[in-house]
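Me: I'd like to go through this one with you and ask how each label gets earned. Can you show it to me?

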Amino acid sequence: MSFNHRKSVTFRLAQAARAHRTRSGVHLGRIGLHAGQEAVLKALETEDGQSMSELAGALGVQPPTVTKMIARLGAQGLVTRQVSASDGRLARVYLTEVGRERVAAVDTAWKRVEKEALAGLDDKDRKRLRKLLRAVERNLSLGSGIDDLAGTDDEDLEPEGLPAAVPPAAETAPAAAEKAVVASADPVDA
């Protein structure tokens, strides 16, 4: 029997991530941003005056990507680049006042997406989902230590074939989250 990827947790995770990015894009578009630009603004809110390489590291992207994003955000008047007084080769990026105002709008957009994504989930399910997603992120970031699945039957990878690692109450959270994403097709007022 072949592996039914549509029943896998990682497929559902990828679908949820895609839906999240789409909804985020709608809300960010209303405030004049593209997906990813809000992360730059939030990184600068946390620590203003970062270098391009510091921003690249904080965002987990390549320096050329940051350069393009800073150029676009600069054209909107949201950030400025200033050459370091001590090292003329180093440019630091700062939020402008308009950029600081936009960060507040980003926070509002993120709150709306969070509300839409988690509609129908109670606080216990939300906490459990957050904890599970942190574990998945950690596993994927560090590698799980399962380097070789040779000798594993495809059936062993089926979600139904896996031992229940989640209490029954939390097992319903992904289904509720999926329904919430579908139900949130109506846009929230900006």
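**How the labels are earned**

Reply: Sure, let's begin with the sheet: it is open, has 3 strands in the order 1-3-2, and its pairing is antiparallel. Strand 1 (50-51) and strand 2 (79-83) are the edges, because each has a single partner strand and so one side without a neighbour in the sheet. Strands here are DSSP runs of E with at least two residues, helices are runs of H or I with at least four, and both are numbered from the N terminus. Keep in mind that this is a predicted model, where local features need pLDDT of at least 70 and side-chain atom pairs pLDDT 80 or more, while totals for chains, interfaces and linings use all residues. Residues are numbered from 1 along each chain as its sequence is written, and side-chain values use heavy atoms, leaving out hydrogens and water.

Me: How do you know that strand 1 pairs with strand 3?

Reply: Pairing takes at least two bridges found by DSSP between two strands. Strand 1 and strand 3 (residues 91-95) are joined by 2 bridges, so they pair, and they run antiparallel. Gln50, for instance, sits opposite Val93 in strand 3.

Me: Why is the link between Lys42 and Asp107 called a salt bridge?

Reply: The rule asks for a side-chain nitrogen of Lys or Arg within 4 Å of a carboxyl oxygen of Asp or Glu. In Lys42 and Asp107 the closest N and O atoms are 2.6 Å apart, so the pair qualifies. Lys42 lies in helix 2 and Asp107 in helix 5 (residues 97-117), so this bridge ties together parts 65 residues apart in sequence.

Me: What makes Lys42 buried?

Reply: Buried means under 20% relative accessible area, exposed means over 50%, and partly exposed is in between (1.4 Å probe, protein chains only). Lys42 has 17%, so it counts as buried. Asp107, at 23%, is partly exposed.

Me: Which other residue belongs to the network with Lys42 and Asp107?

Reply: That's Glu45: its side chain meets Lys42 in a salt bridge (2.8 Å, N to O). Lys42 and Glu45 are 3 residues apart in helix 2, which means about one helical turn between them. Glu45 is partly exposed, with a relative accessible area of 41%.

Me: Why does the pair Arg92 and Glu54 count as a salt bridge too?

Reply: Their N to O distance is 3.0 Å, so that rule is met again. This pair links distant parts of the chain, with Arg92 in strand 3 and Glu54 in helix 3 (residues 52-59), 38 residues apart. By this rule the count comes to 7 salt bridges.
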